[in-house]
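Let's take a walk through this one, side chain by side chain. Keep the model open and turn it as you read.

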Amino acid sequence: MAAHHLESFVCPISQDVMTDPVMACDGHTYEREDIESWFSHKSTSPVTNEELPSTALVPNRALKRVIDEYTSYDSHEGFILLISVGLRTAFHCPISEAIMQDPVTAADGHTYERSAIALWIDARGAASPVTGAALAHTTLVPNHALKQAIAECPDLLSPSSASAPPPPPTTSRPIICHDTIRCDGCNVLPVRGIRYKSTVAENFDLCMACEASGAYVAQEPLLKIYDSRDVGNLASDDETCEPELAETTLAAETARLAHVVHDLFECDGCHVAPIVGARYESTHDALFQLCAPCEAARRHRDMEPFAKSTQALSVERLNDLMADVDLVFRLTHDTCLLWSCASLDDKLYRPNGDNWTLPAGTIVVGAPHADMARQVVYLQLPGHVLHVADAFAYVLVVEKERNMAEQIHMDASLQVLEIQRPLPVTAWPRAAKASNASPPPSFYLQRGDLVSIDAVAHDAMAQATYYRIEETKQWLAVDDALPEATPLDVLEPRTPTMTLSVPAPLVTNVLADHVLTTLDAGMDVVVDKEVHHEGHQFFRTTIDGKRGWVVVSTTTNESTKPRRRTPIDVPAGNLIQLTLQFDAFALVLDEMELDGEISQLILTENAPELKRCLHNCINKELLITNMALGPGGEWYCSGEKADGSGDAYCWTSHDAPQDLRQFVRPKSIVSFGYDDDYVIRYENGSYHNHHSLPAMVDKLQHLRGVRAIVPTKNDDNVRGYLLLSARSDPVHADLPRPLANNLFDYALGKVCAAASFYNEHVVLFEDTFLASNGIPTAIVEALEAFYVRHQRLQREQRQSMTDLNRQTQHHRHMAAA
């Protein structure tokens, strides 16, 4: 161990040498445990005492490596000698390879020379020079501790040591002529410069130019041989070689292979993980791996020759993976989807029918399974993509060292996104188009939705980023060129424990409609992350093994009651909205209190997108005024502010007819028909329709106070309609007989609303309702409870008014006496 340490190794809080150094947003470095304890009760910088905008911490990887390197030598002089002989340390910039003078830390946690990383970002965009992954942001934070450590080693700061890195090793050694080796690519004899020998094909060699072309990846891994005499072949020094025969520059190869990420490997030279670009495996020790810069420096000649791989996969390595580890791949060839009844050990089948081929470019995610006997690797895909119960789907990614796919690096990264436009949520990051093998979207996230992410995969080729939704196997694809999603700040909690003052829901993915349970008031909750957004706080926690987010409103009690007041003598039937389609429905109930205040309750089934939109209305303190479901799952929803301002908004599904999306307005009555027809009734009484029944359109022109438009179809496939108005009796034609019988049960009073789908229907009267036998039990039970409750409130109000009148009369008599 070193006899002493550098002052920069000492934590400013504990004054002890750091073992797990982390940087705060003030640019200073602290021991993780000490700064986390500080932030548990303060939000200021321990060094400057200024208020910090964030308590997020980033590992100071460079300083950690310096501490480890320094303490591994017996003296300060030994550490200086390590650098003086040309070995790279954490003092060297990963880009320029020169000792840093102005070190800054980027979003990937790695430290660079400020001018070098600035030029990198300008030239190549926001991609990490070390990992190749997209940078979450381009903010550069000064690494004060590392700069101080460099300053504490004055011997390193001479002009020669801080200049550009030494010239490539190829200029200091003679170019080798491999006298008896012919290139099997271009047929040149002899091979000059570096020789590449295939480990797959017998007696197959390449020159540098053919290997650099990328046309012979099927022959990889390739032994990189500097001198054939080292492997028992004839060779000689060739001083007459032209300069262009020198090896392709490292920078050019790095750019060409920037998309290749070896997730499973760490460089044993510079300890960067994962290896990006070419990977070199020692023929003396298969566990010894180097990245391209470390191999080119030839500081590990005792481990040569190295086997070079420019493909991210190998059967042997993937065989060691657990089956529950998901990886992301881009298919490089058209590949047929296969299936098995039990597992990969069982026979694999091709699905019946056409169009089960995944085209090249499809992005898939799954667990790799290696078959060593056949030298193949399959990817087991999640989800019932074959629509067959108890079946497993597979896609071939490696066949006898021939890669059918390339791996896309996936980072575990907790983020919270605000959605800016409707986006599909799918089982795969980007599924095939026009293919039976492409699973349909599970649902669509709508504008304004918040969603938490636990993994990110960046696809530089497609300029897209794929986000895995937290606690699920589902994905969200975001186009990097469009403003489709905005990241929110995920903060470290100011206090590790919070006490709930009111009951609060525990939700998954920050989506408010995925409620796991409701937490009681007074409950103490241990939190690890928090997000603030539009008057709400989201705290991530784990309760009884369920990880989720606690939603807490930061507004006052008065502002959390945006509901308008309505006279309580309004009939219950006028406070219900219901829409039916196939096995889907949505029900909104305006529950009233004695003071006339309304709170809306939502009940849905098999309509996830509409459900999310309805909940968004509630979260944004809007009253739901209108909604509709179509037979294909399309929908419409409208809401207005309850503060009396009259501000109203509306939304439609992405698959609603284009002209409907163009012409629809807030607070419209929308009705989807059975044959791609629809009608829009505007608030001012005008209308817009598409292929609607002419007779119905004619009636709409003369009807005032329309409350509902109900398209129907009977057993003979005859289209009909029902129009309900507050000012007249129902107008109808060609109704199904069961609906007609219930509609005109005059003993039940006035009809307020109705919903119908083929022979199933619900008729809502002022004080009761009638439902056909096929209506879901959940609707029936909810309506029964709603009518009973509303009638009870009306009785209580009448009783309250009677008691008040009696008291008033009593006081008058007493005053007269």
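Which side chains meet in a salt bridge at 3.9 Å, N to O? They are those of D647 and K641. Bear in mind as you look that this is a predicted model. Both partners are partly exposed: D647 has a relative accessible area of 35%, and K641 comes in at 31%. With the cut-off for a salt bridge at 4 Å, the 3.9 Å of this pair falls within it.

That pair is one of a longer list, since a search of the whole structure turns up 21 salt bridges. Try R540 and E470 next, whose closest N and O atoms are 3.0 Å apart. R540 belongs to strand β38 (residues 536-543), while E470 is in the loop between β31 (464-469) and β32 (475-479), so this bridge ties together parts 70 residues apart in sequence. Here both R540 and E470 are buried.

Now move along to E640 and K667, another salt bridge, with the closest N and O atoms 3.0 Å apart. This one also links distant parts of the chain: E640 is in strand β44 (residues 635-641) and K667 in the loop between α11 (658-663) and β46 (669-672), 27 residues apart. The two ends have their own settings, as E640 is buried at a relative accessible area of 11%, whereas K667 is partly exposed at 23%. If you'd like something beyond single pairs, look at D675, D677, K713 and R719, which are joined in a network of salt bridges.

Helix α12 (residues 694-702) is a good next stop. Its buried residues include M696, V697 and L700. Why do these residues share a side of α12? They cover an arc of only 100 degrees around the axis, and that puts them on the same side of the helix. Swing round to the face of α12 turned away from this buried side and you'll find the exposed residues P694 and H702. As for what covers the buried residues of α12, the list includes four strands: β47 (678-681), β48 (687-690), β49 (706-713) and β50 (719-725).

On to the rings. The aromatic pairs come to nine in total. One of them is F204 with Y216, a tilted pair with 6.0 Å from centre to centre and 50 degrees between the planes. F204 sits in the loop between β9 (195-198) and β10 (205-206), and Y216 in the loop between α6 (208-212) and β11 (222-225), so to speak two loops joined by a pair whose members are 12 residues apart. F204 counts as buried at 15% relative accessibility, but Y216 is partly exposed at 23%; the line between these two classes is drawn at 20%.

Compare that with F786 and Y787. Their ring centres are 6.3 Å apart and their planes meet at 80 degrees, which makes the pair edge-to-face. Both rings belong to buried residues, F786 at 3% relative accessibility and Y787 at 4%.

Two more aromatic spots are left to visit. F582, Y674, F757 and Y758 come together as one aromatic cluster. Finally, look at W38: the charged end of K42 sits over its ring, 4.2 Å from the centre.

How values were computed
Residues numbered from 1 in each chain as written. Heavy atoms only, no water. Phe/Tyr/Trp six-rings, centres within 6.5 Å; stacked < 30°, edge-to-face > 60°. Buried < 20%, exposed > 50% of the residue type's maximum accessible area, 1.4 Å probe, protein only. Lys NZ or Arg CZ within 6 Å of the ring centre and 35° of its normal. Arc of directions from axis to C-beta. Contact = heavy atoms within 4.5 Å.
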